[in-house]
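Student: Please take me through one part of this model in detail: the loop residues and the aromatic rings. Keep it brisk, and give the cut-offs as you go.

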Amino acid sequence: MYNNVTNDIFYIGVNDHHIDLFEGQYDVPNGMAYNSYVVMDEQITVFDTVDAHFGEVWLNNLKEVLGDKTPDYLIVQHMEPDHSANILAFANAYPDAKIVGNAKTFTMINQFFGHDFTYRRVVVKDGETLSTGNHTFTFVFAPMVHWPEVMLTYDSTDKVLFSADAFGKFGALDVEEDWACEARRYYFGIVGKYGMMVQKLLKKAAGLDIQTICPLHGPILDSNLGYYLDLYNTWSSYGVESEGTLICYTSVYGNTKKAVELLAAKLEAEGCPKVVVNDLARCDMAEAVEDAFRYGKIILATTTYNGDIFPFMREFIADLAERGYQNRKIGLIENGTWGPTAAKIMRTSLEKGKNITFAEPVVTIKSAMTKENEEEIAALAKEMK
Ligand code: FEO
């Protein structure tokens with residue numbers, strides 16, 4: 001399977017519908033795509049390989065485009081194995097081709113494969129170019145988007161940005177689905193911690209005339225690029241994307257859940273533009289994390305448990321803190337039959353984030369809601385609508 005991206009650029013990636021968990025943790029109900037490209041020029045360039053399970057399919061895709069020609073370069077933009085696993089297979093199939101990367105790339109190649117192609121490698125620096133005839137490629141280093149060796153490549157001839165993991169999403173390419181939903185879950189799951197590095201990359205990209213973005217996951221983006229760039233700017237600057245209030249909760253016997261249901265109803269009655277509720281024990285955690293970065297207001301409700309907070313809430317808050325959670329207003333509801341301490345623990349875990357404010361009142365339920373709790377929840381809804 002291959003398609004033209006431009007007259008000279010061909011898609012040679014693969015769809016994975018057998019994957020269990022992407023990167024060992026993310027559910028991908030619509031599979032995953034590992035993209036790879038070949039640029040047919042006087043000298044032929046391949047961009048990245050694919051996951052270990054698809055080496056043969058990928059090499060066949062490449063061969064179909066090449067016909068009786070052979071490639072001159074393999075550009076390695078990212079060494080995570082979903083893209084790098086078939087470097088050796090490529091090198092063995094095409095012994096005259098050169099491997100292109102930066103100094104960090106070759107350190108990692110050595111770590112993964114036990115040698116670093118000393119006699120057939122091209123080590124590039126940030127901003128350096130490689131000309132293959134008609135095409136000139138400029139390497140744009142993007143450390144920590146998503147690993148330190150990551151570099152993107154700009155083709156000034158066809159005005160294509162090969163963007164590595166940036167602008168990628170979960171989901172195979174033979175499944176139709178909304179881009180933003182799975183791109184947001186992917187972004188906050190995988191590179192959410194490195195917003196500042198993504199901001200640096202966007203500043204570099206702003207200086208380029210880009211007509212097409214070729215990421216290593218997800219569809220090729222060739223129209224309405226402002227939409228995707230704006231979303232990346234919002235996400236990486238920890239901005240609020242959508243109006244509304246998110247409630248994330250855990251409940252052991254249903255009493256905290258009842259409080260959350262009342263809160264959701266009160267928020268709606270107050271005219272809150274959108275109320276989203278996630279039961280952290282049952283929802284996809286990565287979905288809850290992306291929601292937390294999507295909306296500007298979040299209410300957390302959980303029980304005191306073993307002198308701490310309920311495990312799913314603990315994991316959720318750790319996921320947020322790890323990704324630099326900031327610029328948000330947070331409401332708290334705690335439940336505890338004796339000595340409730342959950343609100344204090346949640347507050348302490350989140351208050352170090354930049355521009356985090358907490359709503360009043362903090363609602364403390366002792367086992368089951370009282371009339372007074374109902375009034376507090378109504379007041380909280382007013383404050384967080
Ligand atoms: Fe798609 Fe960071 O690998």
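Tutor: Helices (H or I, at least four residues) and strands (E, at least two) are DSSP runs, numbered from the N terminus. With that, place Gly-254: it sits in the loop between strand E17 (242–249) and helix H8 (255–269). Keep in mind that this is a predicted model: local features need pLDDT of at least 70 and side-chain atom pairs pLDDT 80 or more, while totals for chains, interfaces and linings use all residues. Residues are numbered from 1 along each chain as its sequence is written, and side-chain values use heavy atoms, without hydrogens and water.

Gly-254 is partly exposed because its relative accessibility is 25% (buried is under 20%, exposed over 50%, partly exposed in between, with a 1.4 Å probe and protein chains only). Its C-alpha lies 9.1 Å from that of Ala-368, although 114 residues separate the two in sequence.

Two other loops hold residues with a positive phi. Most residues other than glycine have a negative phi, and most peptide bonds are trans. Glu-23 has a phi of about 50°. Its loop runs between strand E4 (21–22) and strand E5 (26–27). Glu-23 is partly exposed, at 29% relative accessibility. Phe-117 has a positive phi too, near 55°. It belongs to the loop between helix H4 (103–113) and strand E11 (121–123). At 5% relative accessibility, Phe-117 is buried.

One more loop has an unusual bond to inspect. Glu-360 to Pro-361 is a cis peptide bond, with omega near 0°. Pro-361 is in the loop between strand E22 (357–358) and strand E23 (363–365).

Now the rings. Phe, Tyr and Trp rings (the six-membered one for Trp) pair if their centres lie within 6.5 Å; planes under 30 degrees apart are stacked, over 60 edge-to-face, the rest tilted. The count is 26 aromatic pairs. One of them joins Phe-112 and Phe-113: the centres are 6.2 Å apart, the planes are at 45°, and the pair is tilted. Phe-112 is partly exposed at 41% relative accessibility. Phe-113 is partly exposed at 22%.

Compare Phe-293 and Tyr-325. Their planes meet at 85° with centres 5.1 Å apart, so this pair is edge-to-face. Phe-293 lies in helix H9 (residues 285–294) and Tyr-325 in the loop between helix H10 (311–322) and strand E21 (329–335), so the pair ties together parts 32 residues apart in sequence. Both Phe-293 and Tyr-325 are buried. They also belong to one aromatic cluster, whose members include Trp-179, Phe-188 and Trp-235.

Phe-293 has a second role in the picture, at a helix crossing. The axes of helix H5 (residues 179–190) and H9 come within 9 Å and cross at roughly 95° (axes are lines fitted to C-alpha atoms, for helices over the stretch in contact; angles run from 0 to 180 degrees between N-to-C directions). H5 and H9 are therefore roughly perpendicular (65 to 115 degrees; under 35 is roughly parallel, over 145 roughly antiparallel, the rest oblique). Contact means heavy atoms within 4.5 Å. On the H5 side, Cys-181, Arg-184, Arg-185 and Phe-188 make the contact; on the H9 side it is Ala-286, Glu-287, Val-289, Glu-290, Phe-293 and Arg-294. Phe-188 and Phe-293 thus appear in the contact as well as in the aromatic cluster.
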